[in-house]
Amino acid sequence: MAKIPLCKFGKQIKQRLNEISETQAWLIAAVSKNTGLYFDTGYMHRILVGKSKNPNIIASICQLLCIEYTP
């Protein structure tokens with residue numbers, strides 16, 4: 001099975017997590033707590049590859065990572 005490439009926003013998320021020395025697990029937990037919505041590794045993957053664009057989740061990620069959404 002071919003690996004799906006990250007979308008522009010996914011690359012932004014990965015770069016910012018690296019810059020602040022945090023993990024995807026940290027982000028997943030923080031987004032869940034921040035939004036009260038179900039958010040897991042599968043959902044995170046769909047955000048990273050551009051298959052999910054839930055505005056509440058995206059807004060939370062942007063707020064937590066201090067980035068702007070760029071589709």
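**A four-helix chain and its nonpolar core**

Mentor: In this predicted model, the largest nonpolar core has 17 residues, of which Phe9, Ile13, Leu27, Phe39, Ile47 and Ile61 touch the most other members. The helices α1 (8–19), α2 (24–35), α3 (41–48) and α4 (55–65) each supply at least two residues of this core. With five residues, α4 gives the most.

Trainee: What makes a set of residues a nonpolar core?

Mentor: The members must be buried residues of kinds such as Leu, Ile and Phe, joined through side-chain atoms within 4.5 Å. Phe9, Ile13 and Leu27 are among the members here, so they meet that description.

Trainee: Why are residues of α4 called buried?

Mentor: Buried means under 20% relative accessible area. Ile57, Ile58, Ser60, Ile61, Cys62 and Leu65 of α4 are buried, so each of them falls under that cut-off. Their cover includes α1, α2 and α3.

Trainee: Which residues does Phe9 touch, leaving aside those up to four places away in sequence?

Mentor: Phe9 touches Ile47, Ile58, Ile61, Cys62, Ile67, Glu68, Tyr69 and Thr70. A contact requires heavy atoms within 4.5 Å, so each of these residues meets that limit with Phe9.

Trainee: What makes the approach of Asn54 to Asn56 a polar contact?

Mentor: At the start of α4, a side-chain oxygen of Asn54 lies within 2.8 Å of the backbone nitrogen of Asn56. The limit for a pair of N or O atoms is 3.5 Å, so the distance satisfies it.

Trainee: How do you know that the protein chain is as compact as a globular protein of its length?

Mentor: The chain has four helices and zero strands. Its radius of gyration is 11 Å, close to the 11 Å that the globule rule gives for 71 residues, so the description holds.

Terms used. Residues numbered from 1 in each chain as written. Predicted model: local features only at pLDDT ≥ 70, side-chain atom pairs only at ≥ 80, totals over all residues. Heavy atoms only, no water. Buried < 20%, exposed > 50% of the residue type's maximum accessible area, 1.4 Å probe, protein only. Polar contact = N/O pair within 3.5 Å; in protein donor to acceptor, adjacent residues only side chain to side chain. Rg over C-alpha atoms; globule rule 2.2 N^0.38 Å.
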